[in-house]
Amino acid sequence: MKTKTGRTWRALRKVMGLAVLTLVLLIGVALKLAPYIYTEISSWIEPHAIVDAAPAVLARGTMVDDYWAVERLNAGTFAIGEPRYYQRNYSYLILGTKRALLFDAGSGTRDILPIVKRLTSLPVTVMPSHLHYDHMGGITRFNAIALIDLPATRADVHYGQFIPTRYEFVGLIDDLVLPGFQVSQWIHPGNWIDLGGRRLQVLSTPGHTPTSAALFDPGYTQFFAGDFIYPGQLYAQLPGASRSAYRSTTNALLASLPHETTIWSAHCCRPGEGIRAPYLGVGDLIALQLALDRFSAGHLPARGFYPRKFGVNERLEFFTGFPWTNE
Ligand SMILES: [Zn+2]
């Protein structure tokens with residue numbers, strides 16, 4: 001009797017031990033893969049309509065076809081926004097005398113090509129600020145596509161076709177298929193794009209993603225930041241995002257950008273200013289640098305479990321992952 005109870009008890013303890021071990025292992029794997037799991041389940045966590053049914057009322061610019069917000073920023077630059085798209089993306093059309101550059105291709109929710117053609121008759125090259133779906137959706141509508149020349153972007157070319165990986169594109173959030181296209185121009189970080197009478201410098205700006213690019217336009221002292229910085233919640237919790245890269249890129253930008261630079265961002269809007277092309281200043285980069293430094297030193301507490309969030313200033317909040325996933 002005594003032996004039988006003992007055996008049952010030992011077997012039960014063994015099963016429970018195995019269950020606890022499995023649970024601990026599963027939690028460990030989940031914590032390690034947090035950016036990927038977060039991406040996979042984010043459409044369940046935050047269900048969303050792709051296009052807002054209500055019409056958009058702009059603070060600046062003109063609504064075209066009830067979808068596009070077209071705003072002339074200066075003689076040679078247009079902002080093309082999608083204020084009814086749930087992420088409120090903004091692309092930028094930059095004109096030279098010989099050709100034009102479209103920085104970001106829109107979300108692809110509507111065809112951006114007719115809008116671009118309405119604004120310029122110049123040949124247009126499109127260049128994405130990074131490989132996320134909301135910036136690449138319209139890219140295959142263009143024949144001339146430029147990309148930042150990095151080992152990681154070159155690695156995505158197979159038999160002449162560039163195809164971003166699942167977690168570079170992250171279009172799984174909205175059930176989108178990976179785009180494939182030929183790259184017509186590879187641009188090294190630091191090199192210039194000549195549009196005729198206007199030159200833009202391509203900068204590598206890792207942080208939000210490892211292969212993010214930005215453009216500096218000395219003619220108008222403006223900087224096109226993509227998703228590196230915009231008014232709202234900066235995402236550094238997704239696969240490939242890195243807080244240390246965010247810090248070093250911020251420091252590099254502060255060392256190179258003139259203090260009076262206008263920063264044009266890829267997501268709208270500034271609080272209290274309605275719908276208009278989202279702009280920031282070098283002061284916002286300084287605030288970001290201070291917040292990142294304070295967070296890294298343990299002086300800035302974060303809210304939440306995943307992502308962890310901390311405030312930067314009245315316009316910016318920073319989302320990050322764990323030290324072992326997004327450091
Ligand atoms: Zn984006």
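Buried means under 20% relative accessible area, exposed means over 50%, and partly exposed is whatever falls in between. Keep that handy for the close-ups below, which all come from a predicted model.

**Figure 1. Tyrosine 36 sits in helix 2.** Helix 2 runs over residues 34-45. Is tyrosine 36 buried, exposed or partly exposed? With a relative accessibility of 34%, tyrosine 36 counts as partly exposed, because that value lands between the 20% and 50% cut-offs. Tyr36 also teams up with Val29, Leu33 and Ile37 to make a nonpolar surface patch of about 310 Å².

**Figure 2. Lys4, Arg7, Arg10 and Arg13 form a positive surface patch.** Zoom in on one of them, arginine 13, and you're looking at part of helix 1, which covers residues 2-32. This arginine is exposed, because its relative accessible area of 52% is over the 50% cut-off.

**Figure 3. Leucine 285 is tucked into helix 8 as a buried residue.** Helix 8 spans residues 282-296. Leucine 285 has a relative accessible area of 1%, so it counts as buried, the cut-off being under 20%. Which residue is paired with leucine 285 here, 27 positions apart in sequence? That's valine 312, and C-alpha to C-alpha the two are 9.6 Å apart in space.

**Figure 4. The protein is assigned two stretches, domain 1 and domain 2.** Domain 1 takes in residues 2-32, while domain 2 takes in 45-326. How far apart are the centres of domain 1 and domain 2? Taken over C-alpha atoms, those centres are separated by 49 Å.

Terms used: Residues numbered from 1 in each chain as written. Predicted model: local features only at pLDDT ≥ 70, side-chain atom pairs only at ≥ 80, totals over all residues. Heavy atoms only, no water. Patch = residues over 30% accessible without salt bridge, like charges linked within 9 Å, V, L, I, M, F, W, Y side chains within 5 Å. Areas by Shrake-Rupley, 256 points an atom, 1.4 Å probe, with all protein chains shown as cover. Salt bridge = Lys/Arg side-chain N within 4 Å of Asp/Glu carboxyl O. Lys, Arg positive; Asp, Glu negative; His and termini not counted. Charge placed at Lys NZ, Arg CZ, Asp CG, Glu CD. Helix = DSSP H or I, 4+ residues; strand = E, 2+ residues; numbered from the N terminus. Buried < 20%, exposed > 50% of the residue type's maximum accessible area, 1.4 Å probe, protein only. Domains from an automatic or database assignment.
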